[in-house]
Amino acid sequence: MDLDDLIDRVVDPLVAFNVANPGFKALFARPDMPPGLATAAGPIQSALLGRVEAILAVRAPGLSAAERTRSARVLVQIFQAMTPVVVAAPEEEREAEVRELKKVLRGYLAPLDG
């Protein structure tokens, strides 16, 4: 699968889910969560990080485990940072915001892609 297809297949459902469930961003995108919520969100965060690491293991097999974990964390943080912007965008602007998110992800991933 080419990089653009991969990004589409990952980003589009995540964006749709976040738009349909605006309260989820409190568990997903807030770095300043109270400790109780942060603990509750931990399994979601870990699962997402693990999935991104697994994708990177296939796409960039030359990365060490530490590089893969760091890169996955950066990708998740980029997505988390952009999620509130995408969700808050008026419907007629949302597609443009998603395109910007995908550009950023593509720019980060392209040099890693094996």
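These entries record what I looked up about helix α4, the largest pocket and the largest cavity.

**Basis.** I worked from a predicted model, in which local features need pLDDT of at least 70, side-chain atom pairs count only at pLDDT 80 or more, and totals for chains, interfaces and linings use all residues. Residues are numbered from 1 along each chain as its sequence is written, and side-chain values use heavy atoms, with hydrogens and water left out.

**Helix α4.** I took helices as DSSP runs of H or I with at least four residues, numbered from the N terminus. For the 24 residues of α4 (residues 65–88), I noted an expected span of 34 Å at 1.5 Å a residue, and the end C-alpha atoms, 35 Å apart, agree with this. The expected span is 1.5 Å times one less than the number of residues. I found a bend of about 35 degrees at M82, with the proline P84 following within four residues; the bend is the angle between axes fitted to the seven residues ending there and the seven starting there.

**Largest cavity.** I looked up a set of points on a 1 Å grid over the protein atoms alone where a 1.4 Å probe fits but cannot get out, with lining residues having an atom within 4 Å of a point. Its volume, the space filled by probe spheres set on the points (joined across faces, edges and corners), is about 30 Å³. V15, N18, F79, T83, V86, V87 and L101 line the cavity. Helix α4 gives the most to this lining, with 4 residues.

**Largest pocket.** A pocket is an open set with protein on both sides within 12 Å along at least five of seven lines. I recorded a volume of about 430 Å³ and a lining of 20 residues, with V10, L14, V52, I55 and L75 nearest the centre.

Note on methods:
Helix = DSSP H or I, 4+ residues; strand = E, 2+ residues; numbered from the N terminus.
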